[in-house]
Amino acid sequence: MSNKGKFYMTTAIAYTSGKPHIGNTYEIVLADAIARYKRAEGYDVYFQTGTDEHGQKIQEKAEKAGITPKQYVDNVAGEVKRIWDLMNTSYDNFVRTTDEDHEKQVQKIFKKLYDKGDIYKGAYEGLYCTPCESFWTESQLVDGKCPDCGREVQPAKEEAYFFKMSKYADRLIEHINTHPEFIQPVSRKNEMMNNFLLPGLQDLCVSRTSFSWGIPVDFDPKHVVYVWLDALTNYITKIGYDADGDSTELFKKNWPADLHLIGKDIVRFHTIYWPIFLMALDLPLPKQVFGHPWLLQGGDKMSKSKGNVIYADDMVDLFGVDATRYFVLHEMPFENDGIITWDLVIERFNSDLANILGNLVNRTVSMSNKYFDGVVASTGVTDEVDADLKAVVTGARDKVAKKMEDLHVADAISEVFAVFRRCNKYIDETAPWVLAKDEAKKDRLSEVLYNLVESITIGASLLESFLPETAEKIAAQLNTSLRSFDDLDKFGLYESGKKVVEKPEILFARLDPKEILPKVEAIKEAQKKEFEAEQRALGELPDVTEGAAEGDAAVIDIEPKAEIEYDDFMKMQFQVGEIIACEAVEKSKKLLCSQVKIGSQVKQIVSGIRKYYTPEEMVGKKVMVLVNLKPAKLAGVLSEGMLLCAEDAEGNLALMTPEKAMPSGAEIC
């Protein structure tokens, strides 16, 4: 195998606020597939992942749970690592930002940047979103709420240290322009440049005093290092970076990172904050940051409150590890969000894994045993149909390599399965059961089966990066070893005269939806009960007593506002409206612009509900409208009213609609 040098890659470190769902787990599986593939190509891979464990949100969750923050993150980090291991991921290092060596280096980095003049003390006054741990100005809000998550923000003022972002902004812009591969996909690069860098960077708050769960600033201990300077630096601290100049050989060998693999929601932090921190430390920038899309449950973000969360361990219980890996890798597009539903998983399992792959291996081994007592021998009796099979099989390696080079992992898997599809077609073309009836064609039959075994061996070797257990099982059934990458464009290396196993193992038995879906419903019900129990334990749902009426619903208590007079209420005009057109607002990720028919007039209303509704879903809805709200511009678009929504404890929104059919313009009173 050729030695292509080092390849250092990382995932984002998982935030320890709760158990990761399958959308979170997708990232570690994707990273593992890339790492395994790079090793197969001949790279010396160092693959790092881990957990991000500080912050106000964790401190608050721990307080509500009645345990210390360290106990809380120990529990969640253990669960994250358990799932990463369950998914058979081959990371070299599992980071925890509560590790002593990391905390020590973060303090040294903070002091180094302070001494250099890049960090200074000031005071921050702004609007703070606790879930996102982000400060915002009034102009950055969308409908008065956090532009990232859509939740409420609270006024906050505190002494803080700041990093001089603008000092390095021009240098970063130049780097991005001269290194087109730095941010991928290109749409993420355009978003960072147009929405953040080109309008101008504000200085970044890098310390907090309003909570204590963080790494103390050692020279000013009432401050703790703010999350991003703490979390992002794990990529260097945990491979041995030392701010005093005594870095390890591991760091010198591996930095800069070849690939940071992250979710699209944190591209800003990894392509603006992180490179600027590195510039300030006089370190080279990572070669590439890839912001992958999200895996959505039926088109929606996964949320416990919605009851639509899918966990990797539940999928593994029903389908197995490699089937779960196959689905998330195969179904996720390069740039756009992927869709997962239980029905779709079953469909892919049966069509791709059971039929195309599993049945192919089973038929080939069974025919070898039936016709030749398991002996696979090349006789040289060829036919013109063999040439196309061999061309497809030996050409697959370079096609997969091109897709993987561009991080089109789903397309790479499709190229591997093209080999298995071609093998199935080859069986139909050669009809071994017909050849077996003619003794004169026995040598031709032997050659056909040899070609199949050889092709499957090559296909399984290509599959190893994505479905490692399955690839090994296939090789074992064929009584061979998986091939090295350098040999995957060669046909005929299977040793003639070897015997396959006597009884083939069923790799993927077809699933009956009637058996699987009731188990899915049981999982959903168990998750619902667990979520409600968690909410009650945190005081966010009332306790359910034995005397409670059956079917009592969960409730949410909100902070009461000041009482108003009846005349105040009568000033507000509420009517039923019908949405006749809707489109996304170009300059915002959160806003939809609806044309709402209210009686005989049409009003244009802008709402921060893009996360919860598509424009297509909006059209035709009857909604409740505050009609006489003073017009205002949101993201440069005029809004002439407000759509009424309900919001749950997780910040999820639902439009308020009339219970019965009501005409457009009907007064709400």
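Where is Asn479 found? In this predicted model, Asn479 is found in the loop between helix H18 and strand E17 (498-499). The legends below begin with this residue.

**Figure 1. Asn479 and Asp282, two loop residues with positive phi.** Asn479 follows the general setting given above, in the loop that runs between H18 and E17. The phi angle of Asn479 is near 60°, a positive value in a residue other than glycine. Asn479 has 37% relative accessibility and therefore counts as partly exposed. Asp282 is placed in the loop between helix H10 (267-280) and strand E13 (289-292). Its phi is likewise near 60°, positive although Asp282 is not glycine. With a relative accessibility of 59%, Asp282 counts as exposed. As background to both views, most residues other than glycine have a negative phi.

**Figure 2. The cis peptide bonds before Pro185 and Pro256.** Gln184 and Pro185 are joined by a cis peptide bond, for which omega is about -10°. Pro185 is placed in the loop between strand E8 (183-184) and helix H6 (186-197). A cis bond also leads from Trp255 to Pro256, here with omega near 10°. Pro256 belongs to the loop between H9 and E12. For orientation, most peptide bonds are trans.

**Figure 3. The aromatic pair of Tyr8 and Trp255.** In the model, the count of aromatic pairs comes to 26. In the pair shown, the ring centres of Tyr8 and Trp255 are 6.2 Å apart and the ring planes stand at 65°, so the arrangement is edge-to-face. The angle qualifies because planes over 60 degrees apart count as edge-to-face. Tyr8 belongs to strand E1 (residues 5-11), whereas Trp255 is in the loop between helix H9 (249-254) and strand E12 (259-263), so the pair ties together parts that are 247 residues apart in sequence. Tyr8 and Trp255 are both buried. The two residues are also members of one aromatic cluster, formed by Tyr8, Tyr46, Tyr235, Tyr241, Phe251, Trp255 and Trp274. Trp255 also provides the residue from which the cis bond to Pro256 leads.

**Figure 4. Charged side chains over the faces of Phe219 and Tyr128.** Lys111 lies over the face of Phe219, at a distance of 5.9 Å from the ring centre. Arg208 is positioned over the face of Tyr128, and here the distance from the ring centre is 4.2 Å.

**Figure 5. The packing of helices H17 and H18.** Helix H17 (residues 442-463) packs with helix H18 (residues 468-477) at an angle of about 155°, and the two axes are 8 Å apart. This angle makes H17 roughly antiparallel to H18, because angles over 145 degrees count as roughly antiparallel. The crossing in which H17 passes H18 is left-handed. On the H17 side, Ile456, Ala460 and Leu463 take part in the contact, meeting Thr470, Ala471 and Ile474 of H18.

**Figure 6. Ser446 within helix H17.** Ser446 is a residue of helix H17. Its relative accessibility is 6%, and Ser446 therefore counts as buried. Leaving aside residues up to four places away in sequence, Ser446 touches Phe372, Ala377 and Thr379.

**Figure 7. The crossing of helices H1 and H14.** The axes of helix H1 (residues 22-41) and helix H14 (residues 384-405) come within 12 Å and cross at roughly 130°. H1 is therefore oblique to H14. The handedness of this crossing is left-handed. H1 contributes Ala33, Ile34, Tyr37, Lys38 and Glu41 to the contact, and H14 contributes Arg397, Val400, Ala401, Met404 and Glu405.

**Figure 8. Asp300 and its surroundings.** Asp300 is located in the loop between strand E14 (295-297) and helix H11 (312-319). The relative accessible area of Asp300 is 33%, so this residue is partly exposed. When residues up to four places away in sequence are not counted, Asp300 touches Lys306 and Asn308. The C-alpha atoms of Asp300 and Lys611 are separated by 8.3 Å, although the two residues are 311 residues apart along the chain.

Conventions:
Residues are numbered from 1 along each chain as its sequence is written. This is a predicted model: local features need pLDDT of at least 70, side-chain atom pairs count only at pLDDT 80 or more; totals for chains, interfaces and linings use all residues. Side-chain values use heavy atoms; hydrogens and water are left out. Rings of Phe, Tyr and Trp (its six-membered ring) pair if their centres lie within 6.5 Å; planes under 30 degrees apart count as stacked, over 60 as edge-to-face and the rest as tilted. Helices (H or I, at least four residues) and strands (E, at least two) are DSSP runs, numbered from the N terminus. Buried means under 20% relative accessible area, exposed over 50%, partly exposed in between (1.4 Å probe, protein chains only). A charge sits over a ring if NZ of Lys or CZ of Arg is within 6 Å of the ring centre and within 35 degrees of the ring normal. Axes are lines fitted to C-alpha atoms, for helices over the stretch in contact, and angles run from 0 to 180 degrees between N-to-C directions. Angles under 35 degrees count as roughly parallel, over 145 as roughly antiparallel, 65 to 115 as roughly perpendicular and the rest as oblique. A crossing is left-handed if the near helix is turned anticlockwise from the far one by less than a right angle, and right-handed if clockwise. Contact means heavy atoms within 4.5 Å.
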